[in-house]
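This report introduces selected features of one protein chain to a reader who has not met the structure before. It proceeds from single residues to sheets and then to a pocket.

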Amino acid sequence: MRNSPGLFLPVLCNVAAPGVLLSHKPKEKNRIDSNNENSVPKDFENIDNSNFGPRMQKQKLQPEAKSKAPIEKKAKYEQMGKAKDHSLLGKSTNEVLKYGSFQAKNASNLQPNYKTRNVYKGVVIGKGTQEIHYDQTPRCEISGKEALSALSRAKSKHCRHEIAELYCLHKDGKLMPEKVPRLCPLEGKAANTIQPDDDSLESLPQNPVRIAFVLVVHGRASRQLRRMFKAIYHRDHYYYIHVDKRSNYLHRDVLEFASQYPNVRVTPWRMATIWGGASLLTMYLQSMRDLLEMKDWPWDFFINLSAADYPIRTNDQLVSFLSRYKDMNFLKSHGRDNASLLSANSDVDRTGFLLSTPPTASYQTSFFHTVLENSHLCETMVDNNLRITNWNRKLGCKCQYKHIVDWCGCSPNDFKPQDFHRFQQTARPTFFARKFEAAVNQEIIGQLDFYLFGNYPAGTTALKAYWENVYDEPDGIHSISDTYLTMYHSFARLGLKRAESSWHSKEENKCRYYAMGNPVSVHLYFYTDRFQGYLLKHHATNLATSKLETLETWVMPRKMFKVLNPTNDFARLQFAEIGTEWDAKERIFRNYGGLIGPMDEPIGMQKWGKGPNATVTVVWIDPINVIAATYDIQIESSAEFTHYKPPLKLPLRPGLWTVKILHHWTPVAETKFLVTPLMFSNRQPIGKGETLKLHSGPSKNAYMEQSFQGLRNTLNIHTTPNQVEQAKHNAALTGSQLEGWVDPMVNSLWSAVDICASGPTSCPIMQTCSQTTWSSESPDPKSELGPVKANGRLR
């Protein structure tokens, strides 16, 4: 829940996220104005500390004069950017939408189509159309960018009508009161501060408080959730868990472990909550109502947590502290007078709050901070949510949620091992911290575990391993993209070939298999906080017995980055990688291993060591040696990472691509990535017409408007007639021939490390998955939940 500038629209109809805006131009410094606690600060700097420029062909042969030219020679892009931005409503977001411009449902004249062109920093990047129809004409004139944006994203007439009606109520002054009754003598921010002696936390009182933990979770990190639950569990408290409506895999897992404990319940209802949206507030209010109706749960405090939270003090210390202050409410405010904000904003701007006693929760019917600070309970409010949040403004704030909400915002960064001292050196009482993400760094969670509970027993397995599910069969095959499905099928075949090659008896087929059906499950596998590959569970028919077996294959990516000229005096480049779903906050690709198809838009990332300012040239080369893109990167001395998405025309030609990095026109490093041909279209085997459309590359081999082929001699990169003919032949392949093209390319970048059996097998050398150290079925004690111990805990 966050502060939102302008009109707060608590409409619970289906509103689509705005399209993600992509840029032809490199990243530039942003200036965002917002009263959001998460907004970008005015001194925000681009985290890349670099400048990019699309390289024009006539610059190529003038390497010494190229550093400023990419920035100056951008007239073509600026000319493209002169086109006006049209919202889905046919108006810019700052224009007024006249109520007469909407047509009634049965009007004789047709509503026109409004074309949109998403514009980012003056560059047109895409087109789309949407018809705007209303069941009835809005009864007032609608203006304001938040209202117009919400209208443009509404997916139904009913939803648009609700938004318009809500706006009109707001305009009439009937949506909310201009001010709430001031029942408290305090002015401004609540001034209560509490600094208990550490000794007071070591002994439990005679009548300890009981806590209702509300866990609000989403995603697929079930093992991290289990580990957190294990750390906070005590039989004297209560746990009410809400799983996002879209997270069915996690919901199945939560239902399974919740059934083991009488003081754990799962909400019988589920909402699709979004960051900064009214649905999150609605979810918390409904959870409070539920808890108040549970007469068999006599709780004293309401504490909200997510799966990304973790305790930094023991349960006994928390209970001891809250028992001393059982009539207080702990909420972190933004530091301004809440009474002055209600007329314009929702000021539930922090995710953490601890509300004391059911009467306080029953009093809350709206925005917690404002209502509480203006009520007769105002003197119970302490300006401390008892948790540490890892804000790193320069990395974490880039308006990253503009595709979800209508205001700027960011999320916390993940804690790393170097942050551990912050948990012990706080100036205020703290009991929880966020954000933790085991897929990014699990070591810090292990450090906290040791600090709170001591070491695991000697010989405990998998303490440095982490598994996270990305697909589960009950999710349905429709939840996998055609690119991922193609790669998963190829991974399974690589595993079966490994099984066959491991069995050396030529007279028997005991370890020969034929792949069957779609994947059963897919997991990401990490060890010592490094991505180790995918674990794919799949079915296969054993050719010796004709019986179906369930196997799990581990495939690991090969290292594709290499230094080309180690004697070159340029030594700043440490690593380069190509992928999609770049997370600039955590500086990783969320598409682990880079599973890329012809319709994806890859991003080039470089990691730099310390050194002087420099300019390098990046060259993208497709599988038949067409120079697809080239641009300069100006690297400042303090730069650590740079990334850029070249505006390549789609589809990309399938095959192995090469990205070269040059310094003063001397190659210093290169990396390769695979654009996999698709074996599926809409999760069905692809047909010849679709393969020709998707696998032939862009029209006339032109990936961008400008041509870079004049650089072929300079870079000694040439396309042969045989390459062109082979590419045309491959583009028409289907069925087993297409499979024969896909698998060798996948194998060039991925290796099948091992394979195991998840059940009976006729292959004598096949290991049982539960007895391996890597399988998703192998023991994972740190996330396994067992019986309650004598001390009431699980950990």
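A residue is called exposed when its relative accessible area is over 50%, and buried when that area is under 20%. The model described here is predicted.

**Individual residues**

N716 has a relative accessible area of 61%, and therefore counts as exposed. This residue is placed in the loop between α15 (712-715) and α16 (721-731). Its phi is near 55°, a positive value in a residue other than glycine. S546 is likewise a residue other than glycine with a positive phi, in this case near 60°. The loop between β16 and β17 holds S546, and a relative accessible area of 61% makes S546 exposed.

Two further residues count as buried. N315 belongs to helix α8 (residues 315-324) and is buried because its relative accessibility is 13%. Residues up to four places away in sequence aside, N315 touches I232, H234 and H237. T273, in the loop between β6 (264-266) and α7 (278-293), is buried because its relative accessibility is 13%. Apart from neighbours within four places in sequence, T273 is in contact with H242, D244, R246, S279, L280 and M283.

The four residues are set out below.

| Residue | Relative accessibility | State |
|---|---|---|
| N315 | 13% | buried |
| T273 | 13% | buried |
| S546 | 61% | exposed |
| N716 | 61% | exposed |

The backbone also contains a cis peptide bond between L650 and P651, with omega at about 5°. P651 is located in the loop between β25 and β26 (655-663).

**The six-stranded sheet**

Strands of a sheet pair through backbone hydrogen bonds, in either a parallel or an antiparallel manner. One open sheet consists of six strands, ordered β14-β15-β16-β17-β30-β31, with mixed pairing. At its edges are β14 (465-472) and β31 (767-768), each of which pairs on one side only. Strand β30 (residues 750-757) runs parallel to β31 and is joined to β31 by two bridges. Within this pair, C756 stands opposite Q767 of β31. Helix α17 (residues 735-749) lies across β17 (548-557) and β30, and runs at about 95° to β30.

**The three-stranded sheet**

A second open sheet to be described has three strands in the order β19-β22-β25, with antiparallel pairing. The edge strands, β19 and β25 (641-644), each have a single partner strand, so one side of each is left without a neighbour in the sheet. On average, neighbouring strands here are turned by 15° against each other, direction ignored. Six bridges connect β19 and β22 in the antiparallel sense, and L573 stands opposite W608 in β22.

**The second largest pocket**

Which elements give two or more residues to the lining of the second largest pocket? They are β16 (530-542), β17, β19 (573-579), β21 (588-589), β22 (603-608) and β27 (666-675). The volume of this pocket is about 1500 Å³. Its lining is made up of 43 residues, and R530, F531, F575, E577 and M605 lie nearest the centre. By character, the lining divides into 24 nonpolar, eight polar and 11 charged residues.

The pocket draws on strands of both sheets described above: β16 and β17 contribute to its lining and belong to the six-stranded sheet, while β19 and β22 also contribute and belong to the three-stranded sheet.

Notes
Residues numbered from 1 in each chain as written. Predicted model: local features only at pLDDT ≥ 70, side-chain atom pairs only at ≥ 80, totals over all residues. Heavy atoms only, no water. Pairing = 2+ DSSP bridges. Helix = DSSP H or I, 4+ residues; strand = E, 2+ residues; numbered from the N terminus. Contact = heavy atoms within 4.5 Å. Axes fitted to C-alpha atoms, helices over the stretch in contact; angles between N-to-C directions. 1 Å grid on protein atoms, 1.4 Å probe; cavity = no way out; pocket = protein on both sides within 12 Å on 5 of 7 lines; lining within 4 Å. Points joined across faces, edges and corners; volume = space filled by probe spheres on them. Nonpolar A, V, L, I, M, F, W, Y, C, P; charged D, E, K, R; others polar. Buried < 20%, exposed > 50% of the residue type's maximum accessible area, 1.4 Å probe, protein only.
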